[in-house]
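User: Please take a close look at one part of this model and explain how it sits in the rest of the chain. Keep it brisk, and tell me where to be careful.

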Amino acid sequence: MARMSYIISVERYQEYQTVIHDLLDSVLASLEDGVKKQQDNRYLIAQYPFLELQYCLDKNGVQLGNNVCFKRQYMKTLNNRGDSQDLSERPYFQGIQQQQHTRFTPPYISIATNHLCISAIKSLHASYGENRYLVIDVCLTQLIEFIMGDRTRATMTPFFKAGYGIIVSCLFILVLFLLGRVFGDIYSLLFVRSIENDPLEPFTIIIFITLALAIFDLGKTILEEEILMHKDIFRHSSTRRTITRFISTILIAVSIEALLTMFKAALGQSQYLLPAIYMMLAVVGLLIALAIYVYLGAKAETLLLSAQRNKKGH
């Protein structure tokens, strides 16, 4: 449940590019009005939390005045910088001279904030005696969260991660307890008791090892899916991957348990034969159900993406 990766941010930008450009056009219009009235535009951060920087360029691409920084953590380092900086070689400035409508850069890593961002530039020549240009830098990740209505969940992410962290810690502690029991039983088997006294003793040890493996794999899945990686809840593949990994863990544990039960039946304890068969059938049923779920889920997502592309094409 980490913040979305750069790859996902770029994919989302490409998917919602038209909406993003329209939104930034409206933001530039608001900022332009503030520039005309010589008002401080920092109040816009409450409405548009993805804004990072605002500055103006003259007709030669030289910055007029210092940056206006919308992010509190960068104000000390960025607010009093940028005046007279030559930005004429920037692609967005060269593009705006060729086409007078608003220009947008592809996603890039900002030198100022080290975030993945995009810049938008708009001509102000109609409001001034000479060509001037208004430029804004926006954090792409926060912009996409804003567009998709995901800001509240993103704000709560640290608390969710803390909760999952506690759960994972408990699972790993339980794994250590089981492994301690395993090592104790192995020592007892080798140096205290004889295997002839209880031929099923090794199977008991294997059961504890299997439980430890299943619990460890479950904790590892939660750690990766919910803490270390970004889970895109708007894509079916994300949920499908989590369910697949979780069911796979259960399949491994039940399969090993069924195999051990079958061994017990082979050693003469016939009462374990039917439970072993039932567990094997359960494994087969789970495997078939998982295969159907993965196939249908992937096919549904393919159809959905195809419909979205066709919609964009029209």
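Analyst: Helices here are DSSP runs of H or I with at least four residues, numbered from the N terminus. With that in hand, take helix 5. The residue to note after helix 5 is Gly 149, which has a positive phi, near 70°. The model is predicted.

Confidence comes next. The mean pLDDT of the chain is 78, and 79% of the residues reach at least 70. Strand 5 has the highest confidence, at 88, while helix 3 (residues 75-78) has the lowest, with a mean of 62. Where pLDDT is low, predicted coordinates should not be read in detail.

Now the helix itself. Which residues of helix 5 are buried? They are Leu 140, Thr 141, Leu 143, Ile 144 and Glu 145. So Thr 141 and Glu 145 are covered along with Leu 140, Leu 143 and Ile 144, given that buried means under 20% relative accessible area. Across the chain of 314 residues, 38% are buried.

Helix 5 feeds the largest nonpolar core, which has 24 residues. Leu 143 is among the residues with the most contacts inside this core, together with Leu 24, Phe 50, Leu 51 and Ile 136. At least two core residues come from each of helix 2 (17-36), strand 1 (51-57), strand 5 (116-123), strand 6 (133-139) and helix 5 (140-147). Helix 2 gives the largest share, 6 residues. Leu 24 shows how these parts meet. Beyond four places in sequence, Leu 24 touches Leu 143, Phe 50, Phe 104, Ile 118, Ala 120, Ile 136 and Val 138. A second core is separate, with 12 residues, including Val 168, Val 182, Phe 208 and Ile 215.

Aromatic rings give helix 5 another link. The structure has 4 aromatic pairs. In one of them, Phe 50 and Phe 146 have ring centres 5.2 Å apart and planes at 70°, so this pair is edge-to-face. Phe 146 belongs to helix 5, and Phe 50 to the loop between helix 2 and strand 1, so that 96 residues separate these distant parts of the chain. Are the two rings' residues buried or exposed? Phe 50 counts as buried because its relative accessibility is 0%. Phe 146 counts as partly exposed because its relative accessibility is 23%. Tyr 48 joins Phe 50 and Phe 146 in one aromatic cluster.

Strand 1 is another contributor to the core. Strand 1 runs antiparallel to strand 2 (residues 63-69), and 4 bridges join them. One of the bridges pairs Gln 54 with Val 68 in strand 2. The hairpin has 5 residues between the strands, and Gly 61 there has a positive phi, near 85°.

Phe 93, in helix 4 (residues 91-98), meets that hairpin. Phe 93 contacts Gly 61 and Lys 59, among others, neighbours within four places left aside. Its other partners include Ile 121 and Tyr 133. Phe 93 is buried because its relative accessible area is 2%. The C-alpha atoms of Phe 93 and Lys 59 lie 9.4 Å apart, with their positions 34 residues apart in sequence.

Finally, the wider frame. The chain has 9 helices and 6 strands. Of the contacts between residues at least 6 apart in sequence, 63% join residues at least 24 apart. The exposed area is about 17,900 Å², with 63% of it from carbon and sulfur atoms.

How values were computed. Residues are numbered from 1 along each chain as its sequence is written. This is a predicted model: local features need pLDDT of at least 70, side-chain atom pairs count only at pLDDT 80 or more; totals for chains, interfaces and linings use all residues. Side-chain values use heavy atoms; hydrogens and water are left out. A nonpolar core is a set of buried Ala, Val, Leu, Ile, Met, Phe, Trp, Tyr and Cys residues joined through side-chain atoms within 4.5 Å. Buried means under 20% relative accessible area, exposed over 50%, partly exposed in between (1.4 Å probe, protein chains only). Contact means heavy atoms within 4.5 Å. pLDDT is the predictor's confidence in each residue, from 0 to 100. Rings of Phe, Tyr and Trp (its six-membered ring) pair if their centres lie within 6.5 Å; planes under 30 degrees apart count as stacked, over 60 as edge-to-face and the rest as tilted. Two strands pair if DSSP finds at least two bridges between them. Accessible areas come from the Shrake-Rupley method with a 1.4 Å probe; for residues, only the protein chains shown count as cover.
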